[in-house]
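Reader: I've got a structure open on my screen and I'd like to learn how to read it. Could you walk me through it, feature by feature?

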Amino acid sequence: MVEQGDEAPLLRWAEGPAVSLPQAPELQASGRGWGAGGEDEEEEAEFGPGELLRRQSGRLPLEEEEDQVVAVFVVTFDPRTGKSPAGAHLGCRTPALHYFRKGHFFGLACFANMPVESELERGARMKSVGILSPSYTLLYRYMHFLENQVRHQLEMPGHYSHLAAFYEDKKGVLRAGEGKPNSVHPVHWLPSIHRYMYPEMKITHPAGCMSQFIKFFGEQILILWKFALLRKRILIFSPPPVGVVCYRVYCCCCLANVSLPGIGGTIPESKPFFYVNVADIESLEIEVSYVACTTEKIFEEKHDLYDVYVDNQNVKTHHEHLQPLLKLNSADKEKYRRLNEQRQMLLYSQEVGEDCNPCEEDLFVLFFLEQNNRIFQTLLEVSASQDKTLTAEHARGMGLDPQGDRSFLMDLLEAYGIDVMLVIDNPCCP
């Protein structure tokens, strides 16, 4: 298991039962791992909204993140039970990649199996190799390494020299107590906009995960956008395999990015929990905001665990006051039209070979960033005015439907603690 230390960074090696990782049921087996302890501070550079919008025609400058791998682990599964207690592996072609979250860290594990002529292993050998990091954006760098290493562990069980060397080269530091459920350290999963912009971050889809996200949900992304901006508990259900659904969690969180200073101080952050199963019920009960995915249909019946349930492309909520947000209005359709128009222009410019074009992922993130900044900039200006009155004209200026988005605006003002008076009439009321 991975142990946590106090001050000085050091390498630890231990044998025995693997640490119980609720977001990664495939890791609940016997295993080995490396972990680090110590302290390290990282300063985050951020771009202001004006700088961001001036750079929309080209890629943002990149600030390279230092490697921060705080643990490496290998898990061997009992051939009599396999990966339990979840069905995330069903339908998977190995090797299969799974994202998960453990406390304040993010993990990526690669599972694979191979047939063996062994009665003890009952004809099948199953392994997972994975890492933990404080940053989700680092994980994609090690996909191929984990795929190669899990094959190596299947073919040569117990040979850990490559993994040990990798850990020594990439190891970060683990603060005392960090990673525990009651830890108060903040999660820096995507702390500033430039973290989105790695040109090599194409995940597994040829056109990028954002492009697939838009194609899969279509106009429904505008409904998800509103729930994400309100920091609701969003649970995405999909049949196995779970890897692609983890990317939808990531994209859903990207919808709610705001770069204006002073916004979001009174509202919980949108937490990407990635894959969850029944072992996570206790931890989900205390969360007030998250985005997660699951392959277990039983979650649909547990209304107290989520606000929004996404069954493939069907977005629904059991909260009556949130029902109006499920209906697309004219402003939503106009935003989706503009998004598609910008995508087509981008694709055309790429076809004709124009230089300095942003990728589709950049466009997607910046589209919603600009939309969110415009909304909150207007709300802040109105709240600082003498009469604090938000009118239909203000709503249209924010790209919202004065009538169709009235409920959304009321929830937004309450959630973010913005002091304005909404004077848009509700035609449904006398």
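Reader: Let's start with confidence. Over which residues does pLDDT stay under 50?

Author: This is a predicted model, and one such stretch is residues 1-30, where pLDDT stays under 50. The model still has 109 contacts beyond four places in sequence for that stretch. Residues 179-207 also stay under 50, with 91 contacts beyond four places in sequence. For the chain, the average pLDDT is 76, and 69% of the residues score at least 70.

Reader: Okay, and the overall make-up? How many helices and strands does the chain have?

Author: You'll count 11 helices and 13 strands. Of the 430 residues, 53% count as buried. As for contacts with a separation of 6 or more, 72% of them are between residues 24 or more positions apart.

Reader: Now the sheets. In what order do the strands of the five-stranded open sheet come?

Author: Read across, the order is β8-β9-β7-β10-β11, and the pairing is mixed. At the edges sit β8 (272-275) and β11, each pairing on one side only. From one strand to the next, the twist averages 15°.

Reader: "Mixed" is a bit vague. Which strands pair with β9 in the parallel sense?

Author: β7 does, over five bridges, and β8 does too, over three bridges. Try finding Ala292 in β9: Leu235 stands opposite Ala292, and Ala292 is also the bridge partner of Phe274. For the antiparallel part, go to β10 and β11, which are joined by three bridges. There, Asp311 stands opposite Asn314 of β11.

Reader: While I'm on β9, which way do its side chains point?

Author: Here's the general idea: in a regular strand the side chains alternate between the two faces of the sheet. In β9, Tyr290, Ala292 and Thr294 point one way, while Val291 and Cys293 point the other way. All of these are buried. That goes with the count for the strand, residues 290-294, where five of the five residues are buried.

Reader: And β5, how many of its residues are buried?

Author: Eight of the 11 residues in β5 (residues 105-115) are buried, so to a bench eye that strand is mostly covered. Look at its partners next. β4 (residues 96-102) pairs with β5 in the antiparallel sense over seven bridges, and Leu97 has Cys110 as its bridge partner in β5. β6 (residues 124-133) also runs antiparallel to β5, joined by 10 bridges. One pair to click on there is Phe111 with its bridge partner Ser128 in β6.

Reader: What happens between β4 and β5?

Author: They form a hairpin with two residues between the strands. Gly103 in that hairpin takes a positive phi near 60°.

Reader: Positive phi, right. Which residues other than glycine have one?

Author: Most residues other than glycine have a negative phi, so a positive one is worth a look. Two to check are Arg231, with a phi of about 60°, and Asn312, with a phi near 60°. Arg231 lies in the loop between α5 (220-229) and β7 (233-237). Asn312 is in the loop between β10 (308-311) and β11 (314-316).

Reader: Are those two buried or exposed?

Author: Arg231 has a relative accessible area of 15%, so it is buried, as the cut-off for buried is under 20%. Asn312 is at 28% relative accessibility, so it counts as partly exposed.

Reader: Last one: helix packing. What should I look at when two helices pack?

Author: Two packed helices are described by the angle between their axes and the distance between the axes. Take α4 (residues 209-217) and α8 (residues 330-351): their axes come within 13 Å and cross at roughly 140°. The two helices are therefore oblique to each other, since only angles over 145 degrees would count as roughly antiparallel. α4 passes α8 in a left-handed crossing. To see the contact itself, show Ser211, Ile214 and Lys215 of α4 together with Tyr336, Leu339 and Arg343 of α8.

Technical notes: Residues are numbered from 1 along each chain as its sequence is written. This is a predicted model: local features need pLDDT of at least 70, side-chain atom pairs count only at pLDDT 80 or more; totals for chains, interfaces and linings use all residues. Side-chain values use heavy atoms; hydrogens and water are left out. Helices (H or I, at least four residues) and strands (E, at least two) are DSSP runs, numbered from the N terminus. Buried means under 20% relative accessible area, exposed over 50%, partly exposed in between (1.4 Å probe, protein chains only). Two strands pair if DSSP finds at least two bridges between them. pLDDT is the predictor's confidence in each residue, from 0 to 100. Contact means heavy atoms within 4.5 Å. Axes are lines fitted to C-alpha atoms, for helices over the stretch in contact, and angles run from 0 to 180 degrees between N-to-C directions. Angles under 35 degrees count as roughly parallel, over 145 as roughly antiparallel, 65 to 115 as roughly perpendicular and the rest as oblique. A crossing is left-handed if the near helix is turned anticlockwise from the far one by less than a right angle, and right-handed if clockwise.
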